[in-house]
Amino acid sequence: QVQLVESGGGLVQAGGSLRLSCAASGRTFSCYAMGWFRQAPGKEREFVAAISWRGASTYYADSVKGRFTISRDNAKNTVYLQMNSLKPEDTAVYYCAAVFHRRPLTSAQAMGVSMYDYWGQGTQVTVAS
């Protein structure tokens, strides 16, 4: 069982930056692939970024590529999402997700909501124009 707690959300002006953190419980965090998803009001949850268990592979949605960076610190049981050049369309609740996956992560796997077994409660990001 893994518990995930996101933090770092807030209100920012367009063009600004935020760094989201997701702290995981448990001693096997390094065995989990991690993902970030987001959900805007009235829309389905969508993939944002993912990172494999060792951090060797990262994947991004086209809408955030070049602006967002996912990283992980296995010693701290934490995954991060650095968000730069934020746009109003980035406004959403951002969720951290985890799946036990000690092997190469494909892009199809990384992007699938159903791939992940554990989810955080979400953190609100609001980008003002």
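Me: Which residues touch the most other members of the largest nonpolar core?

Reply: In this predicted model, that core has 41 residues, and M34, W36, V79, L81, M83 and Y94 touch the most other members. The general idea is that in soluble globular proteins, nonpolar side chains tend to be buried together.

Me: Which strands supply at least two residues each of this core?

Reply: They are β3 (18-24), β4 (32-39), β5 (46-51), β7 (68-73), β8 (78-83), β9 (92-100) and β11 (123-128). Strand β9 gives the most, with 6 residues.

Me: Let me zoom in on one residue. What does Y94 touch?

Reply: Leaving aside residues up to four places away in sequence, Y94 touches E6, L20, W36, F37, R38, V48, F68, L81, M83, G122, T123 and V125.

Me: Now a strand with two faces. How do I read β1?

Reply: Start with the general idea: in a regular strand the side chains alternate between the two faces of the sheet. Here, β1 (residues 4-7) has L4 and E6 on its covered face, while V5 and S7 are on the uncovered one. This strand pairs with β3 in the antiparallel sense, over 4 bridges. Within β3, A24 is the bridge partner of L4.

Me: Let's try a loop. Is S52 buried or exposed?

Reply: The cut-off to use is that buried means under 20% relative accessible area. S52 has 4%, so S52 is buried. You will find S52 in the loop between β5 and β6 (58-60). Its side chain reaches the backbone nitrogen of A56 at 3.2 Å. Not counting residues up to four places away in sequence, S52 touches Y32, A33, S57, R72 and L105.

Me: Where does L105 lie?

Reply: L105 belongs to the loop between β9 and α1 (107-111). With a relative accessible area of 3%, L105 is buried too. Look at its partners as well: apart from residues up to four places away in sequence, L105 touches A33, A50, I51, S52, Y59, A110 and M115. L105 and A50 are 55 residues apart along the chain, and their C-alpha atoms are separated by 9.1 Å.

Me: One last feature, the backbone angle phi. What is phi for N77?

Reply: N77 has a positive phi of about 55°, although N77 is not a glycine. Its place is in the loop between β7 and β8, and N77 is buried, with a relative accessible area of 17%. S85 is also a residue other than glycine with a positive phi, near 50°. S85 lies in the loop between β8 and β9. At a relative accessible area of 40%, S85 is partly exposed.

How values were computed. Residues are numbered from 1 along each chain as its sequence is written. This is a predicted model: local features need pLDDT of at least 70, side-chain atom pairs count only at pLDDT 80 or more; totals for chains, interfaces and linings use all residues. Side-chain values use heavy atoms; hydrogens and water are left out. A nonpolar core is a set of buried Ala, Val, Leu, Ile, Met, Phe, Trp, Tyr and Cys residues joined through side-chain atoms within 4.5 Å. Buried means under 20% relative accessible area, exposed over 50%, partly exposed in between (1.4 Å probe, protein chains only). Contact means heavy atoms within 4.5 Å. A polar contact is a pair of N or O atoms within 3.5 Å; within protein, one must be able to donate a hydrogen and the other to accept it, and residues adjacent in sequence count only if both atoms are side-chain atoms. Two strands pair if DSSP finds at least two bridges between them.
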